[in-house]
Amino acid sequence: MKPAVFEYHCPSTLEEALQLLDEYGYDAKIMSGGQSLIPMMNMRLARPKTLIDINHIKELNYIRVTDSDIQIGGLTRHYQLQQSKEIEQICPLITEGVKLIGHDQIRSRGTLGGSVVHADPTAELPVILSTLGATVTLASTEGSRTVTTDEFFMTFLTTTIEMNEMLVSVQIPRPSANTGFAIDEFTLRKGDFAIVLAAASVTLDEQGRVKSAVLGLGGVDGVPVILDEVTAGLIGYIPDRNLIAECCNKIGELVDPEPDIHASGEYRRDLCITYAARVLELAAERAIKQ
Amino acid sequence: MTQNNLKNITVTVNGKEHSLSVEPRMLLSDVLRDELGLTGTHVGCEHGICGACTVMMDERPVRSCLVFGVQADQAKILTVEGLSNADDTLHPLQEAFREKHGLQCGFCTPGFLITACHFLEENPHPSREEIREGISGNLCRCTGYQNIVDAVEMAAEMLSKDKKSETDQCTVQAMQP
Ligand SMILES: Cc1cc2nc3c(=O)[nH]c(=O)nc-3n(C[C@H](O)[C@H](O)[C@H](O)COP(=O)(O)OP(=O)(O)OC[C@H]3O[C@@H](n4cnc5c(N)ncnc54)[C@H](O)[C@@H]3O)c2cc1C
Ligand code: FES
Ligand code: FES
């Protein structure tokens, strides 16, 4: 099947793109990597009248590291994140997580901005950004605003982005020293979307006790879920397998995933407990090694 | 089909430059097949799942069913037709697929060849497990995976033994005028 007819615009500056977005309003759709939008257009589930292709807006493709954060442009592609040595060194959770996105051919085109705005609850980047406490910057002809991931993700495939806004960048606070990360997911086949996805960050103090820890889950609700109730039980302790398992058992009461054709709610809940324990253990182990 | 919406593009495919007018909604896979007659690139699912339509675009493997033809303006594309040498001798991957029976009906083969070509450039000495992962974005409806993995393994050996292997690299060929 082929996409319906549309008018094609290919701006080369952000300003131009925002003006087009303003002009065409509800009729327009931004196209970034196209790896989620084009399949929908091919099946005519999406029929935008106007397509604003942002692939030539070079100012949206960058990775910048400052003393306090990592700033990534919305058009930065998955493979670029995967290949960035700087990111691997400072925040390996991104490197490891991006490798789990689809396949090489998808990572060639797919972008950070597209993945975040698409807001699939089983996608890796939304869960990673939530786990890392990232913020998202949105721009329109009226100006720009920066929101937390919590304020951004609303529900399945829905965010609080306005019709005339574009995602321009993501900011990730620079992880503190002695932090370990891990991410793992359960998929039916390599490269598929996750059934359940877990990411963790664990920071230890000088004595090897947990100073802070974050657990993020995907595939259990319409948005990435951060379970402070689970990680609170680790604070102040030297992390060990039994303690982590005990904390993760609480997850059973905290999440209530919907069943679908791939897995029942019960099964997903069990997967959450198993994968959460796995990533917390690995993150703690990596924090110790640092 | 409305013709009033055409865009002019210039695209280099397998080293040859083409200037043409395309409707923006035309997928790169259709531009290659219907406009340029390069029917080696196959179309299976048209939503990014099967990998049959994989081509190289500016040195990266992409789904040509998930890129519009207009987006290939000024790009360099390599399709399966560009893999063999000018004198029609086969690329080591093609030889290995023949030797190891890596194709049955052959529908998925062009996508596998392009994917594997890029994969071996990035990872010239892969383990079998890495090969499996490297080709995981391509489906074979004849389920010939075992032999495909064998073929990629054999091609890796051939390419690393071949002193001229530099000239067999996909990107090098795609760049040739
Ligand atoms: C076979 C296959 C497997 C995949 N597997 C995975 C996987 O395992 N994990 C995963 O996370 N993803 C997966 N994906 C999706 C892929 O990662 C996409 O790249 C991603 O979800 C969307 O990013 P994109 O840049 O392609 O966005 P597009 O498809 O271009 O756009 C997606 C949506 O976001 C909007 N949009 C895009 N950019 C902006 C912006 N800057 N500002 C405002 N709106 C914007 C578009 O209008 C559209 O609504 C898979 C895709 C395929 C085809
Ligand atoms: S036809 Fe493009 S991935 Fe199936
Ligand atoms: S050989 Fe028939 S689809 Fe792969």
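Colleague: What is the order of the strands in the open sheet of 5 strands in chain A, and is the pairing parallel or antiparallel?

Modeller: In this predicted model, the strands of that sheet run in the order E4-E5-E10-E6-E7, and their pairing is antiparallel. Strand E4 (63-65) and strand E7 (143-148) of chain A are its edge strands, as each of them pairs on one side only. Direction ignored, neighbouring strands are turned by 20 degrees against each other on average.

Colleague: What makes E4(A) and strand E5 (residues 69-73) of chain A a pair?

Modeller: Two strands count as paired if at least two bridges are found between them. E4(A) and E5(A) have 3 bridges, in the antiparallel sense, so the requirement of at least two is met. Within this region, Val65(A) stands opposite Ile70(A) of E5(A).

Colleague: Which helix packs on the sheet, and which strands does the helix touch?

Modeller: Helix H1 (residues 14-24) of chain A does so, touching strand E6 (135-140) and strand E10 (166-173) of chain A. The direction of H1(A) makes about 125 degrees with that of E10(A).

Colleague: Why is the meeting of Glu165(A) and Arg145(A) called a salt bridge?

Modeller: The cut-off is 4 Å between a side-chain nitrogen of Lys or Arg and a carboxyl oxygen of Asp or Glu. For Glu165(A) and Arg145(A) the value is 2.7 Å, N to O, so the pair qualifies under that cut-off. Glu165(A) lies in the loop between strand E9 (158-159) and E10 of chain A, whereas Arg145(A) is in strand E7 of chain A; the pair therefore ties together parts that are 20 residues apart in sequence. The whole structure holds 18 salt bridges over all chains.

Colleague: How do you know that the side chains of Arg60(B) and Asp104(A) meet in a salt bridge?

Modeller: Their N to O value is 3.5 Å, and the rule asks for a distance within 4 Å, so this pair also satisfies it. Across the interface of chain B and chain A, 4 salt bridges are found. The two chains also have 15 residue pairs in polar contact. On the side of chain B that touches chain A, E4(B) gives the most, with 4 residues. That side divides into 11 nonpolar, 11 polar and 9 charged residues.

Colleague: How many residues are in contact, and what area do the chains bury between them?

Modeller: Contact involves 31 residues of chain B and 31 residues of chain A. The chains bury about 2,500 Å² between them, with 55% of it on carbon and sulfur atoms. Arg25(B), Arg60(B) and Leu66(B) supply 26% of the area that chain B buries against chain A, more than any other three residues.

Terms used
Residues are numbered from 1 along each chain as its sequence is written. Chains are lettered from A and ligands numbered from 1 in the order in which they are written. This is a predicted model: local features need pLDDT of at least 70, side-chain atom pairs count only at pLDDT 80 or more; totals for chains, interfaces and linings use all residues. Side-chain values use heavy atoms; hydrogens and water are left out. Contact means heavy atoms within 4.5 Å. Buried area is the accessible area (1.4 Å probe) that two parts lose on being put together, summed over both. A polar contact is a pair of N or O atoms within 3.5 Å; within protein, one must be able to donate a hydrogen and the other to accept it, and residues adjacent in sequence count only if both atoms are side-chain atoms. Helices (H or I, at least four residues) and strands (E, at least two) are DSSP runs, numbered from the N terminus. Ala, Val, Leu, Ile, Met, Phe, Trp, Tyr, Cys and Pro count as nonpolar, Asp, Glu, Lys and Arg as charged, and the others, Gly among them, as polar. Axes are lines fitted to C-alpha atoms, for helices over the stretch in contact, and angles run from 0 to 180 degrees between N-to-C directions.
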